[in-house]
Amino acid sequence: EKEEIVGSDICMEDVSFCYANSAKPVISNLSLKIHSGSKVAIIGERGSGKTTVLNLIAGILKPTTGIIHSEKVTYMPQFPYLFTDTLKNNVTCWKDIDIDEYNHILKLCNITDFLDQLPQQDNTILYDNASNLSGGQKQRIALSRVLLNHEQIILFDESFSALDSYNANEIIERIIQKYKKTTMLFSIHQLELLKNMDRIIEMKNGKIRFDGTYKEWCTYEEK
């Protein structure tokens, strides 16, 4: 197996974002620092600004005001695109890879659980954005592709939403344990997954409502 990815800091300084056709900002004067290697969950109701924060860090959106500092990031959307090609090529993107690492990542992402059910295992062709697979299976393939890239920062935007709680929890526990130095941000709605995180950030109306540990968040929610 290759060495784990080395993480990197993320810093947002007084960042605001407003769409061109709207006077109301989606993000308002947000300042945030995420340390290298942290595993951070961003939660909040629909429209609270979770995805916008990830899109700003990823460079998909540019801040209206403020500054964002980060190294190169990998962004994994909720609905990943898969090519019309073999499952293996969808994971490797046609690169020469270490076969042991490849097999390890397939196991890490619980892909081996359904591989034997496919007619040609990882040589099975995926058609029409993998319409022959379930949403959870597609998300696991996309996750294995991301992990094989060895990026410093990974942003997961509802990337486990199609998985049941057991699979999502098992996979997140594994990748957090395996990639200790990788900086990871998870926009998630499954609150049962929060216990795995170093830090919880709760968004409301484009601002940070809560920022602390899981234990602190549980106490805060009980009030």
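Biologist: What volume does the second largest pocket have?

Modeller: About 220 Å³. Keep in mind that this is a predicted model.

Biologist: What makes a residue count as part of its lining?

Modeller: A lining residue has an atom within 4 Å of a pocket point. The second largest pocket has 14 such residues, and Gly44, Glu45, Ser48, Glu202 and Met203 lie nearest its centre. Strand 10 (residues 199–204) gives the largest share, three residues.

Biologist: How do the lining residues of the second largest pocket divide by class?

Modeller: Four are nonpolar, five polar and five charged. Gly counts as polar and Glu as charged, so Gly44 goes with the polar residues and Glu45 with the charged ones.

Biologist: And the largest pocket: which residues lie nearest its centre?

Modeller: Arg46, Gly47, Lys50, Thr51 and Asp157, out of 14 lining residues. The volume of the largest pocket is about 340 Å³. Helix 1 (residues 50–58) supplies the largest share of the lining, three residues. By class, the lining has two nonpolar, seven polar and five charged residues.

Biologist: Now the helices. At what angle do helix 3 and helix 6 pack?

Modeller: About 140°, with the axes 10 Å apart. Helix 3 covers residues 99–108 and helix 6 covers residues 165–178.

Biologist: Why is helix 3 called oblique to helix 6?

Modeller: Roughly antiparallel needs an angle over 145 degrees, and roughly perpendicular covers 65 to 115. The angle of about 140° fits neither, so helix 3 is oblique to helix 6.

Biologist: Which residues meet there?

Modeller: From helix 3, His104, Lys107 and Leu108; from helix 6, Ile171, Arg174, Ile175 and Lys178. The residues of this contact comprise three nonpolar, one polar and three charged.

Biologist: In what order do the strands of the open sheet run?

Modeller: The order is 5-8-9-3-10-11, six strands with mixed pairing.

Biologist: What makes strand 5 (73–76) and strand 11 (207–212) edge strands?

Modeller: Each pairs on one side only. The twist from one strand to the next averages 15°.

Biologist: How do you know that strand 3 and strand 10 pair?

Modeller: Pairing takes at least two bridges. Strand 3 (residues 39–43) and strand 10 have four, in the parallel sense, so they qualify. Ile42 has Ile201 in strand 10 as its bridge partner.

Biologist: Which strands does helix 7 (residues 214–222) touch?

Modeller: Strand 3, strand 10 and strand 11. Helix 7 makes about 120° with the direction of strand 11.

Notes
Residues are numbered from 1 along each chain as its sequence is written. This is a predicted model: local features need pLDDT of at least 70, side-chain atom pairs count only at pLDDT 80 or more; totals for chains, interfaces and linings use all residues. Side-chain values use heavy atoms; hydrogens and water are left out. Axes are lines fitted to C-alpha atoms, for helices over the stretch in contact, and angles run from 0 to 180 degrees between N-to-C directions. Helices (H or I, at least four residues) and strands (E, at least two) are DSSP runs, numbered from the N terminus. Angles under 35 degrees count as roughly parallel, over 145 as roughly antiparallel, 65 to 115 as roughly perpendicular and the rest as oblique. Contact means heavy atoms within 4.5 Å. On a 1 Å grid over the protein atoms alone, a cavity is a set of points where a 1.4 Å probe fits but cannot get out, and a pocket is an open set with protein on both sides within 12 Å along at least five of seven lines; lining residues have an atom within 4 Å of a point. Grid points are joined across faces, edges and corners, and a volume is the space filled by probe spheres set on the points.
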